[in-house]
Amino acid sequence: MQSWSDVAIPSVPGQGPPLRLFDTADRAVRPVTPGDTATMYVCGITPYDATHLGHAATYLTFDLVNRIWRDAGHDVHYVQNVTDVDDPLFERAERDGEDWVVLGMRETALFREDMEALRVLPPRDYIGAVESVNEVVELVEKLVASGAAYIVDDAEYPDVYFRTDATEQFGYESGYDHDTMMRFFAERGGDPERPGKRDPLDALLWRAQRPGEPAWPSPFGDGRPGWHIECAAIALNRIGSGFDVQGGGSDLIFPHHEYSAAHAEAVTGDRRFARHYVHTGMIGLDGEKMSKSRGNLVFVSKLRGEGVDPAAIRLGLLSGHYRVDRPWTAEVLETAQARLALWRQAAGLSSAASADDVIARLRQHLADDLDTPKALHALDGWATFAVERGGDDASAPGLFADAVDALLGVPLR
């Protein structure tokens, strides 16, 4: 699947401290220690409408990780999927009297446009579920052969399920108790009431074809992939087990990330699918989480259509810490627009006070679990001083602009 256009990143002198991120599985902030090539998998959209600000906040978070790694001299192998075959896509297409393939292609194209406008660095591998079906089938075959999965004894719909007890460590990533798992499993795409399952929490790997649904051939019969196995297969075949960061919104902690990790671990025998599990908070509107079911979405494309500078959208979303649930308000956008105007004014000066210290603080704050509120505050202080009092360093405005562009993805010139 085609990704979006790459973004040129300015080179900034110096280097920041090593990145530290909160790991969901360990419940602690700890160092991220990639090799020469840093590896990251971030779960992509189900393209039945895109891109709301909750999506954007998540992808901006991992764009910062990408930029910090590159600033530290790492090559980055970033992988992202598109769940372009799934129940929500079919339901929306049926509601609107539209072909699900056309709907998915249109919304994926819009997502790419939004990411490009927000200057998100593109993944090296951008993979749709449809194009990974053969990989999924191969992985499910291995799980069935090892006894980690089974076929439900159902003559009409012989679905394939993953045994929750197939790995001893199941549950380590979320840390949830059984009741919490059951609640989230039922709310987030699971089927605990499905007859014939050995355990209500067993997760679907391969869904046998139902009337009117697309299907692909497999040794278990015609059907299509389950949700979690898709990401396990794509990640294993692109960056392998034990990659540096698996990312997504906090609503993916369970069941999606718990199961995708378990699927992979049951095949590889590894203790951890990813070395770091990193999750973003939710963006709210009018006191509630922004979600399709509530109908309270703010779309990036709509803001762009209204003439809002994507750089201001980016700054508004970065003004809160990535792990905190936070609201999107008119005041958040107004503050971001004022900040952008101030920074651009400072970057356009002929000279200013040295920017070396503020660039060092920018790097330090971002390396400390992506502390963007402190980073933005430090940049505000330098820009305000530069505009009000000036300085005699002719290179400072340009260095300031390059650092903001390289590390925060905000163009000032």
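This passage describes the domains, sheets, side-chain contacts and unusual backbone geometry of a predicted model.

The protein chain is divided into two domains. Domain 1 covers residues 20–294, whereas domain 2 is made of two segments, 308–322 and 329–408. The centres of domain 1 and domain 2, taken over C-alpha atoms, are separated by 34 Å.

Domain 1 and domain 2 touch through 24 residues of the former and 17 residues of the latter. Between the two domains an area of about 1,800 Å² is buried, and carbon and sulfur atoms give 61% of this area. On the side of domain 1, the residues that lose the most area to domain 2 are Leu 64, Arg 67 and Ile 68, which together account for 29% of what that side buries. Polar and charged groups also take part in the interface. Twelve residue pairs are in polar contact between domain 1 and domain 2, with both residues at pLDDT 80 or more. Several elements of domain 1 contribute to its side of the interface: β1 (20–23), α1 and β11 each supply at least two of the residues that touch domain 2. Of the elements in domain 1, α1 gives the most to this side, with eleven residues. Four salt bridges are found across the interface of domain 1 and domain 2. Elsewhere in the description of charged pairs, Asp 405 and Arg 119 are joined through their side chains by a salt bridge, with an N to O distance of 2.9 Å.

Helix α1 also belongs to the surroundings of a sheet. This open sheet consists of five strands with parallel pairing, arranged in the order β5-β4-β3-β10-β11. Strands β5 (125–128) and β11 (277–280) stand at its edges; each has a single partner strand, so one side of each is left without a neighbour in the sheet. From one strand to the next, the twist averages 20 degrees. Within the sheet, strand β3 (residues 37–42) runs parallel to strand β4 (residues 75–82), and six bridges join the two. One of the residues involved is Met 40, whose bridge partner in β4 is Tyr 78. Helix α1 (residues 53–71) packs on the sheet and touches β3, β4, β10 (245–249) and β11. The direction of helix α1 makes about 175 degrees with that of β3.

Another open sheet contains four strands in the order β6-β7-β8-β9, with antiparallel pairing. Its edges are occupied by β6 (149–151) and β9 (223–225); each of these strands has a single partner, so one side of each is left without a neighbour in the sheet. The twist in this sheet averages 20 degrees from one strand to the next. Strand β6 is joined to strand β7 (residues 160–162) by three bridges, and the two strands run antiparallel. In this pairing, the bridge partner of Ala 149 is Phe 162 in β7.

Strands β1 and β2 form a hairpin with four residues between them. Four bridges join β1 to strand β2 (residues 28–31), and the strands run antiparallel. Arg 20 has Pro 31 in β2 as its bridge partner. Strand β1 also holds Asp 23, which forms a salt bridge with Arg 272; the closest N and O atoms of this pair are 3.1 Å apart. This salt bridge links distant parts of the chain, as Arg 272 lies in the loop between α7 (253–268) and β11, 249 residues apart from Asp 23. In the model, the count of salt bridges comes to 33.

Asp 402 lies in helix α13 (residues 396–408). The side chain of Asp 402 makes a polar contact of 2.5 Å with the side chain of Arg 413. When neighbours within four places in sequence are left aside, Asp 402 is in contact with Pro 10, Ser 11, Val 12 and Arg 413.

Some features of the backbone remain to be described. Most residues other than glycine have a negative phi, and most peptide bonds are trans. Arg 27, in the loop between β1 and β2, has a positive phi near 55 degrees. The peptide bond from Ala 50 to Thr 51 is cis, with omega near 0 degrees, and Thr 51 is placed in the loop between β3 and α1. A cis peptide bond also leads from Phe 254 to Pro 255, with omega near 10 degrees. Pro 255 has its place in helix α7.

Key: Residues numbered from 1 in each chain as written. Predicted model: local features only at pLDDT ≥ 70, side-chain atom pairs only at ≥ 80, totals over all residues. Heavy atoms only, no water. Pairing = 2+ DSSP bridges. Axes fitted to C-alpha atoms, helices over the stretch in contact; angles between N-to-C directions. Contact = heavy atoms within 4.5 Å. Domains from an automatic or database assignment. Buried area = accessible area lost by both parts, 1.4 Å probe. Polar contact = N/O pair within 3.5 Å; in protein donor to acceptor, adjacent residues only side chain to side chain.
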